[in-house]
Amino acid sequence: MAVKRVRFTFPEELIREPVIYRLGHEFRVITNIRMADVDEHTGWVILELEGDPDEIERSLRWAEAQGVRVDPITGDVVEG
Amino acid sequence: MSFATELRCRECHRSYPLQALHACEFCFGPLEVQYDYDALRRHVSRRRIEAGPPSLWRYRDFLPCDADAAIDIGAGFTPLIHAKNLGKVLGLPQLYLKNDTVNPTWSFKDRVVAVAATRARELGFQKLACASTGNLANSVSAHAAAAGMEAIVFIPADLEEGKIVGSSIYGPTLVKVRGNYDAVNRLCAELAGAYNWAFVNVNVRPYYSEGSKTLGFEVAEQLGWRAPDHCVVPIASGSLFIKIRKGLNELARVGLIDEPRTRMSGAQAAGCSPVATAWAERSMNFRPQKPNTIAKSLAIGNPADGYYALVQLRDTNGDCGSVTDDEIVEGMKLLAETEGIFAETAGGVTIASLKQLVERGSIHPDELVVAFITGAGFKTIDAVAGRLKPALEIDASLESFERAYGALAHTGVA
């Protein structure tokens, strides 16, 4: 089992969708919302995901395919 | 000896020891170095600083590491220039430029890496790592070489050869990562967690970012121990922007300058402007972007300190410029042609934003303004190549010269 922390950023069209609920149902991954700020136009969630590392990766690729932007919680690590 | 006491979460204010930690375990907020300011106040003086070396280590008492064991390749204490020519063009008689192009690896990154590397070695790390497209890679490679540490530098696989040489000359282990920008970011964040290396802008970030304070210290000292009225600073991760103000505030806190009322304004390229976009929308929530700009050294689409940059813009009554690639090139040319400083594209962003903010009325002519020029132009020659006045080509004879030069004079160019 592994734990991964990521930041989800939701575009406006996904704000009303239960993306995290669906992720927890479609993949064998435990989701834990640690911080969030969501309004009617945009939102971000810092999420802890626990599960098999491959399953976590698959769930993240799925979230990206739904239109969620997935980032490390550190912000961008690659600098100029 | 350092006056640093602990790391503290900027959000929930929990305390942590001065170790290689960067995020709060409870709320994931960023950790920041705290100091014993009462002891610092008793210890420091203008005279003590002025008697120090002509480098950032003259501010050793304000840094979170033991300066006696500093990895010192001469970073800092760069010129502050009264930019009378550029100021005349922009209508700013009190315009100053902090010229950080003259650092050992030609960018301000030498400040942050000097502090990060020194602290990393103190903490027992033997390997210094980073992920970078240019300036940071150059500086980490150089400092590791001087420290006898191993440098591991991750770069995008499609990075131009010219940018690689500036790092590889120092002998680091260079790792080219195939994949898009997001994939490289994700891998490097994972690597930082998986290996016991000092990843300068990840696990030792609280120390790394403290190096940027020295720009604030220097500007205040070079102005005769006063804070500027207004700073214009390029924003990438946002760390430089907020730490310059932290430096000014610390000097005031220990009684070396009056309480600063400095307005802090930012500069971003339109092709990577998460902070400027949120600011224009009057939102404190930035949306990450995919960078698409010639200003590669500012191309951070998901800035770690983006939120805090927005808070600072609000709290200091600042503003944030956002400029196109064409405006960036014009900014580079304007700076070079008026003040003799060849800056990289980030400098073009700063100067073009400065111009934009003046035109917008956000900078007043009576303010003492400092614009921060963070890297040297030879690093981004491609950005201006082909857009400059071509050379005259002549035969090796006086007549040929006079014909060519005369033709130029005839057109009013010479």
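Helices, of at least four residues, and strands, of at least two, are DSSP runs numbered from the N terminus. In this predicted model, the elements of chain A follow the order β-α-β-β-α-β from the N terminus on. This briefing considers the build of chain A, then a pair of packed helices in chain B, and lastly two residues of chain B with a positive phi.

**Chain A: elements and overall dimensions**

- Chain A contains two helices and four strands.
- A compact globule of 80 residues would be expected to have a radius of gyration near 12 Å, and chain A agrees with this because its own value is 12 Å.
- Taken along the principal axes, the box filled by the C-alpha atoms of chain A is roughly 35 × 35 × 20 Å.
- Of the 80 residues in chain A, 32% are buried.
- Among the contacts in chain A with a separation of 6 or more, 66% are made by residues 24 or more positions apart.

**Chain B: the packing of helices α9 and α10**

- Helix α9 of chain B comprises residues 213-222, and helix α10 of chain B comprises residues 239-253; the two pack with their axes 6 Å apart, at an angle of about 55°.
- This angle makes α9(B) oblique to α10(B), since an angle is called oblique when it is neither under 35 degrees, nor over 145, nor from 65 to 115.
- The two helices, α9(B) and α10(B), cross in a right-handed manner.
- On the side of α9(B), the residues in contact are B:K213, B:T214, B:L215, B:G216, B:F217 and B:A220.
- On the side of α10(B), their partners are B:K243, B:I244, B:R245, B:K246, B:G247, B:L248, B:E250 and B:L251.
- The residues of this contact between α9(B) and α10(B) comprise six nonpolar, three polar and five charged.

**Chain B: two residues with a positive phi**

- B:H13 is not a glycine, yet its phi is positive, at about 65°.
- B:H13 lies in the loop that joins β1 (4-9) and β2 (15-16) of chain B.
- B:H13 counts as exposed because it has 11 C-beta neighbours inside 10 Å, and the cut-off for an exposed residue is 12 or fewer.
- B:W106, also a residue other than glycine, has a positive phi near 65°.
- B:W106 is placed in the loop between β5 (95-99) and α4 (109-122) of chain B.
- B:W106 counts as buried because it has 21 C-beta neighbours inside 10 Å, and a residue is buried at 20 or more.

Key
Residues are numbered from 1 along each chain as its sequence is written. Chains are lettered from A and ligands numbered from 1 in the order in which they are written. This is a predicted model: local features need pLDDT of at least 70, side-chain atom pairs count only at pLDDT 80 or more; totals for chains, interfaces and linings use all residues. Axes are lines fitted to C-alpha atoms, for helices over the stretch in contact, and angles run from 0 to 180 degrees between N-to-C directions. A crossing is left-handed if the near helix is turned anticlockwise from the far one by less than a right angle, and right-handed if clockwise. Two residues are in contact if their C-beta atoms, placed from the backbone, lie within 7 Å. Ala, Val, Leu, Ile, Met, Phe, Trp, Tyr, Cys and Pro count as nonpolar, Asp, Glu, Lys and Arg as charged, and the others, Gly among them, as polar. The radius of gyration is taken over C-alpha atoms; the globule rule is 2.2 Å times the number of residues to the power 0.38.
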